[in-house]
Amino acid sequence: MAVATPPAAAAPQPRKAAGGAFSWSVPLFLGPAALLLLGFLIVPTIYSLFLSFNRGRGGEFSNWVGFDNWVRLFTQDPDFLRLGFPPSGALWNNILWIVFYVSLTVFLGLLIAVMATRVRYEAAIKAIVFVPQAIAATSLAIIWRFVYSPDDETGLLNAVLGIGNVGPLSLLGNPDTVNWALIAVGIWGSVGFATVILSAAIKGISTEVLEASRVDGATETQIFWRIIVPMVSLPISVVAVTLVVGVIKLFDLIFVMTDGGPGTASRVIAFNMYQEAFPQGQFGYGATIAIVMLLLLVPIMIFNIRRFRATAVQQ
Amino acid sequence: MTKFRLIAPFAVLTLVLAACGPGDGGADASAPDDGGADASAPAADVPAGDGSIVVTSLWGGTEETAFVAVLDAFTASSGIEATYEPNRTDYATVLRTRIQGGNPPDVAIIPGIGTLRSLARDGSLISISELGINQADIEGNYAPGILDVGVVDGELYGIMVKLNSKATIFYSPERFDEMGVAPATTWDELLALTEDIKAAGSTPWALGAGDSWTLTDWFEIVYLKMHGTEAYDTLFSPEGDWTDPTVQAAIDTMLEILTEENVDGGIDGSLATLFVDAIAKVFSTSPSAELYYGGGFVGGIATGQDVNPALQGQEGTAIDWFPFPTIDGSGEGLVTYGGDVMAALVADSDVAEFMAYLTTAEAGQVWAEGGTIISPIVAVDTSVYPTTLIQAEAEQVTSAEAVRFDGSDLLPGTDLGAVLQAAVRGDDVTSLLEEFQAETSAAWASE
């Protein structure tokens with residue numbers, strides 16, 4: 001899984017030279033970074049926003065279509081969102097990913113981090129659990145595609161099931177199971193990240209608190225849920241936010257493992273954006289999806305910044 | 001006030017961008033670097049080329065070798081260097097990105113008529129008349145209707161360069177003899193053949209449903225045979241109605257054969273199998289199925305290095321095909337075919353000469369000798385095809401009562417294969433077809 005860098009700290013306030021006069025050092029220092037930000041972030045965002053109101057032939061502003069792309073995206077595109085019971089579509093798949101992938105990765109990461117503190121070979125465990133993070137997402141996808149292969153001479157999963165005489169399963173070929181199979185791969189790839197960060201956070205809990213609670217007769221489960229989890233809640237939210245941002249951007253795993261298939265069952269919104277903009281050439285429509293991705297990130301960023309401000313105030 | 005000071009420059013920037021935003025048309029998006037013929041005037045004089053052209057396609061392996069032979073023949077006769085650049089994966093994406101980046105190839109295979117229409121309307125393609133070639137002049141080189149597939153909004157952009165019949169069912173005559181069965185000519189006979197093969201202890205069909213276009217091929221040939229050419233043409237046009245009962249009827253007929261017991265690996269297994277692996281199930285050294293429905297290109301793949309090169313020379317004994325049967329007595333002589341069109345993206349004299357060369361019998365013959373394609377050029381004699389399988393395929397196409405281009409390649413980018421995959425899995429497709437109808441008519445409208 002590509003790991004998004006945690007959000008950067010707030011930019012330093014511009015300083016005035018002694019006496020309050022304008023100092024040229026300010027724009028000189030901020031200038032290059034501001035230009036890069038402008039050129040690679042602000043301008044493309046505004047371009048995409050305007051392109052989403054356009055037909056976008058060849059990536060140019062060819063015909064103004066107003067909100068047509070937006071209406072079509074949310075009401076006439078079952079690949080993106082199909083309301084019903086159960087709902088389906090790329091947006092729904094992202095929601096599944098956010099709910100299950102993030103919560104399970106954080107939970108498993110925390111569990112492994114806590115249990116690893118009890119054993120002597122803790123460093124070895126963390127190193128092993130972290131190895132999948134070192135694998136490029138594409139390689140991860142190819143490895144697991146082979147593992148899931150329905151042919152029990154190629155697929156590890158079906159070879160193992162074959163020992164117990166369970167028939168060959170085609171997890172990636174069945175739209176009911178494909179998303180869960182992909183989420184499992186995502187969890188496998190990201191647990192190491194959660195474990196390492198949460199392990200560092202747990203080390204920050206003072207041992208006196210833990211000893212005192214044990215003396216008071218708390219069980220390990222109670223210690224886990226009532227002491228450890230609340231005390232590392234900030235690192236948990238950092239990990240969770242990073243994972244959620246990763247889910248919204250998720251593309252490479254889906255593209256390589258199933259190409260959105262079978263049919264369109266495992267598509268995610270970034271895949272739709274790529275598919276509409278590039279192979280189909282509907283750049284305006286693809287830009288619309290890109291803006292939707294941006295809008296989905298806004299509440300997460302607000303939550304994150306508030307979190308940081310709150311802790312900054314506490315300190 | 002400080003906040004306003006920060007926002008103001010961005011507000012100005014937004015206004016500036018809005019002002020210079022909506023341009024008129026992307027007509028200049030593909031302005032070639034070498035000279036610039038006025039793309040809107042049907043001028044016969046295109047600027048001189050620089051003596052070399054670049055042609056791209058997604059072919060590799062034996063298909064590439066056969067095409068490069070055509071390029072070499074062109075270079076020999078014209079002196080213009082022609083380089084082939086393959087893009088095996090993500091072909092449409094790479095092509096569009098190159099066009100957008102101002103670096104288009106001179107000539108490109110267009111994968112699908114929906115893409116042809118889209119690129120033509122983007123202004124990225126040079127029409128054949130702009131290159132100085134008159135459609136009426138070359139019309140006679142082709143069977144009727146073949147060139148019309150490449151026409152967009154009344155202008156010819158794509159010339160059909162190769163095609164394959166999609167009305168062929170491949171099998172092994174040796175194994176048929178062993179099992180005591182024979183090819184079928186009607187749908188009922190085909191069902192009986194399926195049962196006979198099961199009785200003989202083998203699995204009848206191999207299906208590569210992981211490549212969903214294999215299912216669209218099934219659907220198209222069944223639909224054409226059942227409902228005829230007019231219904232077929234209407235269905236794959238903006239007036240098509242996918243909720244019409246004829247569509248469900250064709251799907252139901254398909255599913256009479258594509259069942260859990262008839263398909264090697266079961267339905268789930270076939271949905272995870274790609275088409276080359278499915279061909280291998282019938283023709284590899286350890287086969288597990290007896291019948292594979294696909295295009296005429298199956299023969300080349302089955303005898304190629306990907307599957308079983310030992311079959312080369314065994315055409316007629318170890319590998320052969322029989323025509324897709326009639327259904328309920330209708331569909332005799334109706335053939336679906338798949339083909340590729342080639343279009344020009346740059347207007348200069350070298351490109352014009354190359355496109356004209358592709359319409360000649362010489363080019364068709366050189367390509368046909370490669371053994372991977374059937375040439376749409378009528379003047380190519382069927383005896384030049386290297387194997388009996390391909391000769392028979394060429395004769396099937398030329399002597400067909402009517403040929404119809406692969407419908408799913410005509411659609412504006414909506415995915416019929418996904419609907420058919422759901423149907424094959426046993427899902428109720430009524431609501432899926434309604435959605436597909438809504439999606440497809442929206443896509444036709446927004447093209």
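**Exercise 1: the domains of chain A**

Find out how chain A is divided, and how many residues its two domains bring to their contact.

*Solution.* Start with the split: in this predicted model, chain A has a domain 1 made of 27-87 + 279-298 and a domain 2 covering 90-266. Next, look at the spacing: 31 Å lie between the C-alpha centres of domain 1 and domain 2 of chain A. Now go to where they touch. Domain 1 of chain A brings seven residues, and domain 2 of chain A brings six. Finally, sort the domain 1 side by class: six residues are nonpolar, one is charged and none is polar.

**Exercise 2: a helix in chain A**

Work out whether the residues of helix α12 of chain A are buried or exposed, then say which residues meet where α3(A) and α12(A) touch.

*Solution.* Take α12(A) first, residues 269-277. A residue counts as buried when 20 or more other C-beta atoms lie within 10 Å of its own. Go along the helix with that cut-off, and nine of its nine residues turn out buried, including Phe271(A), Met273(A) and Tyr274(A).

Now bring in helix α3 of chain A, residues 90-116. A packed helix pair is described by an angle and a distance between the axes. Here the angle is about 150 degrees and the axes are 8 Å apart. On the α3(A) side you'll find Ala90(A), Leu91(A) and Asn94(A); they meet Ile269(A), Phe271(A) and Asn272(A) of α12(A). Sorted by class, this contact has four nonpolar residues, two polar ones and no charged ones.

**Exercise 3: the domains of chain B**

Do the same for chain B: where are its domains, and which element gives the largest share of the domain 1 side?

*Solution.* Domain 1 of chain B is 52-165 + 338-408, while domain 2 is 168-336 + 411-445. Their C-alpha centres are separated by 26 Å. At the contact, 24 residues of domain 1 of chain B face 29 residues of domain 2 of chain B. Elements giving two or more residues to the domain 1 side are α2, β6, α15 and β12 of chain B. The largest share comes from α15(B), with six residues. By class, that side holds seven nonpolar, 13 polar and four charged residues.

**Exercise 4: where the chains meet**

Find how many residues each chain gives to the contact between A and B, and which element of chain B gives the most.

*Solution.* Chain B supplies 33 residues and chain A supplies 25. Among the chain B elements giving two or more are α1, α16 and α17. The top contributor on this side is α3(B), with six residues. Split the chain B side by class and you get twelve nonpolar, 15 polar and six charged residues.

Technical notes
Residues numbered from 1 in each chain as written. Chains lettered and ligands numbered in written order. Predicted model: local features only at pLDDT ≥ 70, side-chain atom pairs only at ≥ 80, totals over all residues. Buried ≥ 20, exposed ≤ 12 C-beta atoms within 10 Å, placed from the backbone. Helix = DSSP H or I, 4+ residues; strand = E, 2+ residues; numbered from the N terminus. Nonpolar A, V, L, I, M, F, W, Y, C, P; charged D, E, K, R; others polar. Domains from an automatic or database assignment. Axes fitted to C-alpha atoms, helices over the stretch in contact; angles between N-to-C directions.
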